[in-house]
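Colleague: Please take one part of this model and walk me through it closely, residue by residue. I would like to know what is buried there and what covers it.

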Amino acid sequence: MSEYTLRPKSFNPVPFVLLGLGLILIVASILLFKRDADDTAPQTDLSAVPVKADFAAPEVTLTDTRGETHSLTDYRGQVVLVNLWATWCPPCKAEMPVLQSFYDQYKGKGFTIIAINDGDPAADVAQFEKDFQLTFPIWLDPEYYATEQAFKTLNLPSSFVIDRDGTVRLMWVGEINRKMLDQYVIPIIEENG
């Protein structure tokens, strides 16, 4: 025998326990994430949820795409959804067909949409209006008055629902889907309609 003897190395279970706990945590996280993902709506169903509001609608007077001047006060007695948007904005584009469909269904019930374009050239807005076959009023805002001063937002799209008495009742930042319009705007249309 040599003067060196082989001693059995002592077994330390700590690294194996930690490895096992780490694997358990990873598997639990994956299962939890999968369960949460199954409970949520698909990405295409996500929409901004409105915030309730209660303030007087601001005074806004702008020119539409045909060169005629209009004011929000001209629409007193109607429910108005003011939509602030731009031609380059992907969520703005995505919500336009939804807004048009909702407008078509409720325009005869004292409801209108006023889409206020945020600074695009008039020719671009006219082409957008044609491409999306929009029939609700579209106003031009080359000086960003509606976003920066009247409604005090820099986010696009942003929408505001004004009741028949001229009070802003709902505010949205982000894309609106039909479910949100049905859930939140129809009750305001039906209040005094």
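Modeller: Happy to! Buried means under 20% relative accessible area, exposed over 50% and partly exposed in between, using a 1.4 Å probe and protein chains only. The model is a predicted one, in which local features need pLDDT of at least 70 and side-chain atom pairs count only at pLDDT 80 or more, while totals for chains, interfaces and linings use all residues. Residues are numbered from 1 along each chain as its sequence is written, and side-chain values use heavy atoms, with hydrogens and water left out.

A little orientation before the close look. The protein has six helices and eight strands, taken from DSSP runs (H or I, at least four residues, for helices; E, at least two, for strands) and numbered from the N terminus. In order from that terminus, they read α-β-β-β-β-α-β-α-β-α-β-β-α-α. Of the 193 residues, 39% are buried. Among contacts (heavy atoms within 4.5 Å) with a separation of 6 or more, 72% are between residues 24 or more positions apart.

The part I have picked is helix H3, residues 122-131, together with what packs around it. Its buried residues are Val125, Phe128 and Glu129. Those three lie on the same side of H3 because they cover an arc of only 100 degrees around the axis, the arc being that of the directions from the helix axis to the C-beta atoms. An α-helix has 3.6 residues a turn, so residues three or four places apart point the same way. Turn to the other side of H3 and you meet Ala123, Lys130 and Asp131, which are exposed.

What lies over the buried side? The cover includes strand S4 (79-85), helix H2 (90-106), strand S5 (111-118) and strand S6 (138-141). Just past the helix comes Gln133, in the loop between H3 and S6. Its phi is positive, near 50 degrees, although Gln133 is not a glycine. Gln133 counts as exposed, with 63% relative accessibility. The loop after S6, leading to H4, has a similar point of interest in Tyr144. Tyr144, also a residue other than glycine, has a positive phi near 60 degrees, and at 33% relative accessibility it is partly exposed.

Among those covering elements, S5 is worth a stop for Ala115. Ala115 is buried, at 0% relative accessibility. Beyond its neighbours up to four places away in sequence, Ala115 touches Asn83, Trp85, Phe136, Pro137, Ile138 and Trp139. Its C-alpha is 9.5 Å from that of Ala86, a residue 29 places away in sequence.

Follow the contact to Phe136 next. Beyond four places in sequence, Phe136 is in contact with Met96, Leu99, Gln100, Tyr103, Ile113 and Ala115. Phe136 also belongs to the largest nonpolar core, which has 50 residues. Such a core is a set of buried Ala, Val, Leu, Ile, Met, Phe, Trp, Tyr and Cys residues joined through side-chain atoms within 4.5 Å. Along with Leu72, Phe111, Ile116, Phe151, Trp172 and Val185, Phe136 is one of the members that touch the most others.

Asn83, another partner of Ala115, leads on to Ser159. The side chains of Asn83 and Ser159 make a polar contact of 2.8 Å. By polar contact I mean N or O atoms within 3.5 Å; within protein, one must be able to donate a hydrogen and the other to accept it, and residues adjacent in sequence count only if both atoms are side-chain atoms. Ser159 sits in strand S7, residues 158-162, and is buried at 0% relative accessible area. Its further contacts, outside four places in sequence, include Leu81, Val82, Leu170, Met171, Trp172 and Ile176. A cis peptide bond joins Leu156 and Pro157, with omega about -10 degrees, and Pro157 is in the loop between helix H4 (145-150) and S7.

Trp139, also touched by Ala115, has Ser71 among its contacts. Ser71 belongs to strand S3 (residues 69-71) and is buried at 8% relative accessibility. A polar contact of 3.3 Å links the side chains of Ser71 and Thr61.

One last stop is the disulfide (a pair of cysteine sulfur atoms within 2.5 Å). The count is one: Cys89 and Cys92, with sulfur atoms 2.4 Å apart. The link is right-handed, at 75 degrees about the S-S bond. Both ends are buried, Cys89 at 2% relative accessible area and Cys92 at 0%.
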